[in-house]
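These are my notebook entries on the ligand site, the domains and the backbone of one model. The structure comes first.

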Amino acid sequence: MKSYQMFIDGEFVHSGSGKTLTVINPATGEVISEIPAGTAGDVDAAVAAAGKAQRSWAKLAAIERAHYLREIAQGVRENAESLARTIAEEQGKILPLAWVEVNFTADYIDYMAEFARRYEGEIIQSDRPNENIFLFKAPIGVVAGILPWNFPFFLIARKMAPALVTGNTIVIKPSTETPNNAFAFAEIVAESSLPKGVFNLVSGKGSEVGNALAGHPGIGMVSFTGSVESGVAIMQAAAQNVTRVSLELGGKAPAIVMPDADLDLAVKAIKDSRVINTGQVCNCAERVYVHEAVAGKFIDKMIAAMKETRYGDPLTEEDIDMGPLISKEQQEKVDAAVKQAVSDGAELVLGGKCAERKPGFYYEPTVLINCRQDTDIMQKEIFGPVLPIATFKTLDEAIEMANDSQYGLTSSIYTQNLDVAMRACNELKFGETYINRENFEAMQGFHSGWRRSIMDP
Ligand code: NAD
């Protein structure tokens, strides 16, 4: 079993608590590592180191900071194989997807490095003659990056790279479910020539380490990705110091299938999006509205497609579409959501139970039809390979049901009609609308959104 240490001020150190937490492989249920159970004292040390380092880091030319980022991206590429295996082992995503995550992360760091020569201020004409107003972009200071478990490695880069290139330093806190890849990243940083204190890593529970970071007076901004509940707790903790927050929260992406849609394309795209990462993606299709004229055909094709989904252990089995869910708790949550849907009147047409194979936290690919808009299965994030379907008669009705959600991250529409597609883009109140495809966002894309999905700083 591996044993990790936190990374503070360029050194690997134990937590002041002397306590540890264990990490589990969700495909086997086995303990794979132990990590430090950090404390508020560890957070103090990391924030102090990051604060001290930030003063000289901010004085470097942005292009010099970019050189360090490129060196780290290269380190990620050189360690790609072991990083992908580490992610697959602790998170349960299939190896090809873990490889995509690692390569995308390296490319993303390089992409952010490119901004070194591009981020600019503004010059504004004043009302007074002979006066100009200069707007300079200045670093905020120390950024806290608090991460979820579903794309744990990419999200390190999403927090770190933009912060560093613009002259900030960072303290990262990974999820307790998937910290091993973050420790592996810290090892790459330690091998690089990045000045000490610019990147720091603390580990431990959200309610302790995460809360201490969000409420720390030395933090200039908290960049968080995770659930709405934790986002609210982070806003509350940050409010004590009026610290700015950037929150990327949950989703309940609707997919609208119009009568003129290419049904085979729609079925493939929606099914792939529902099983990728075992349905644990904030912007994947979480509910479908299909026009009643094509509903029968669509549902038959969707059941056939979902039935073909193969699942297994990402590290020992090949040719699989998905791995296990992240934890037993998540498996029980998904199962409870399906049982609730059935008792709310939905019809179960495929799956609907925890997979019989043991060990591991697997869930059968599941399809529910005749789902009512006002029930939890259409309103709450499922985060599993479960597809709830409802029908509609008019585009107005479909758009109204899609918008009837506390979430507003991503959405999609399947149609051959440009007017219909453009109406959907204009009227769907979501940060992103995909036409005839599902997620992922492009490298240049980013999450934006409405309601409880996003808080921009
Ligand atoms: P989570 O909210 O349970 O945990 C995320 C992080 O927050 C963890 O590191 C956790 O330790 C920490 N945390 C928990 N309570 C805290 C507190 N009180 N103070 C400070 N930190 C705290 O989320 P998760 O289960 O790891 O991830 C799944 C969720 O993330 C889903 O809702 C998903 O939609 C969302 N997500 C969103 C995006 C996006 O870009 N919008 C991307 C990925 C995941």
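Entry 1, ligand contacts. I looked up the polar contacts of the ligand (pairs of N or O atoms within 3.5 Å) and found a polar side-chain atom of Ser230 at 2.6 Å from a ligand oxygen atom. For Leu147, a backbone N or O atom lies 2.7 Å from an oxygen atom of the ligand; for Gly226, the corresponding distance is 3.4 Å. I then looked up the areas (Shrake-Rupley method, 1.4 Å probe): the ligand taken alone exposes 850 Å², and the protein buries 86% of that.

I note the basis of these values. The model is predicted: local features need pLDDT of at least 70 and side-chain atom pairs count only at pLDDT 80 or more, while totals for chains, interfaces and linings use all residues. Residues are numbered from 1 along each chain as its sequence is written, and side-chain values use heavy atoms, with hydrogens and water left out.

Entry 2, the shell. I counted a residue as near the ligand if one of its heavy atoms lies within 4 Å. There are 27 residues around the ligand, and Leu147, Ser227, Ser230, Leu249 and Glu381 come nearest. By class, I recorded 12 nonpolar, 12 polar and three charged residues; Gly is counted among the polar ones. Helix H7 (206–214), strand E11 (221–225) and helix H8 (228–239) are the elements that give two or more residues to the shell. Helices (H or I, at least four residues) and strands (E, at least two) are DSSP runs numbered from the N terminus.

Entry 3, the domains. The domain assignment, automatic or from a database, gives domain 1 (2–248) and domain 2 (253–445). Both domains give residues to the shell around the ligand, so the ligand lies between them. I read 31 Å between their C-alpha centres. With contact taken as heavy atoms within 4.5 Å, 26 residues of domain 1 touch 27 residues of domain 2. The buried area, being the accessible area (1.4 Å probe) lost by the two parts on being put together and summed over both, is about 2,200 Å², with 66% from carbon and sulfur atoms. Ala27, Ile94 and Trp149 supply 24% of what domain 1 buries against domain 2, more than any other three residues.

Entry 4, the backbone. I found a cis peptide bond between Lys358 and Pro359, with omega about -5°. Pro359 sits in the loop between strand E15 (347–350) and strand E16 (366–369). Asn277, not a glycine, has a positive phi of about 55°.

Definitions and conventions:
A polar contact is a pair of N or O atoms within 3.5 Å; within protein, one must be able to donate a hydrogen and the other to accept it, and residues adjacent in sequence count only if both atoms are side-chain atoms.
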